Amino acid sequence: MTELRVLVLNGPNLNLLGIRQPEIYGRTTLADIDRLCADEGARLGLSVTCRQSNHEGEMVEAIHAARETTDGLMINAAAYSHSSIAILDALNAYEKPVVEVHLSNIHKREGFRHTSHPSARAEAVICGLGPEGYRVGLHGLLWLMRGRPAPPAA
Ligand code: DQA
């Protein structure tokens, strides 16, 4: 069976993880998260590519490219989650499963973070689990890519 391909797309300022507001985002770096995704992906039999961009248009183009090259997408659009209709529209043109992830619980934070546009498209949203959310997200994405199989009988 060919490996299912996943793009993990991280948005603006996430390149500064580990030094940026550690009281909110912790000390884990983006390189750590990329490694976590690659390792967990390998365990699950997924081919995982991680990308980060500080530019909205680059994120839109990465989602466009992913239409042809991936079977599922996990996105932390960071601050663009709260502002970018362009990223939402790109996600709406992406025809495979989408999982949205945030390190922090955006609903416990400032009001402007409570609306996240990708949530209007994503099959699932994970927030507040820190880097662990990426691991959980990959498991959820695999389940979605497999067509939501029923759990094995107890
Ligand atoms: C974030 C939450 C956003 O509100 C914020 O702008 C980020 C990171 C998170 O992962 O918790 O940059 O997406």
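This passage describes the ligand in a predicted model and the protein residues that surround it.

The ligand has a shell of neighbours that is easy to look up in the structure. Around the ligand are Arg-20, Tyr-25, Asn-76, Ala-78, Ala-79 and His-82, together with His-102, Leu-103, Ser-104, Ile-106, Arg-109 and Arg-113. Sorted by character, this shell consists of five nonpolar, four polar and three charged residues.

Three of these neighbours, Asn-76, His-102 and Ser-104, deserve a second look, as each has a side chain that meets an oxygen atom of the ligand. For Asn-76, a polar side-chain atom lies 2.8 Å from a ligand oxygen. For His-102, the distance between a polar side-chain atom and an oxygen atom of the ligand is likewise 2.8 Å. In the case of Ser-104, an N or O atom of the side chain is 2.6 Å from an oxygen atom of the ligand. Taken on its own, the ligand has 320 Å² of accessible area, and the protein covers 99% of that area.

Where does the ligand sit with respect to the pockets of the protein? The space that the ligand takes is the largest pocket. The volume of this pocket is about 150 Å³. Its lining is made up of 14 residues, and those closest to the pocket centre are Tyr-25, Ala-78, Ala-79, Arg-109 and Arg-113. These five names also appear in the shell around the ligand. By character, the lining of the largest pocket divides into six nonpolar, five polar and three charged residues.

Definitions and conventions: Residues are numbered from 1 along each chain as its sequence is written. This is a predicted model: local features need pLDDT of at least 70, side-chain atom pairs count only at pLDDT 80 or more; totals for chains, interfaces and linings use all residues. Side-chain values use heavy atoms; hydrogens and water are left out. A residue is near a molecule or strand if one of its heavy atoms lies within 4 Å of it. A polar contact is a pair of N or O atoms within 3.5 Å; within protein, one must be able to donate a hydrogen and the other to accept it, and residues adjacent in sequence count only if both atoms are side-chain atoms. Accessible areas come from the Shrake-Rupley method with a 1.4 Å probe; for residues, only the protein chains shown count as cover. On a 1 Å grid over the protein atoms alone, a cavity is a set of points where a 1.4 Å probe fits but cannot get out, and a pocket is an open set with protein on both sides within 12 Å along at least five of seven lines; lining residues have an atom within 4 Å of a point. A molecule sits in a cavity or pocket if more than half of its atoms lie within 2 Å of its grid points. Ala, Val, Leu, Ile, Met, Phe, Trp, Tyr, Cys and Pro count as nonpolar, Asp, Glu, Lys and Arg as charged, and the others, Gly among them, as polar. Grid points are joined across faces, edges and corners, and a volume is the space filled by probe spheres set on the points.
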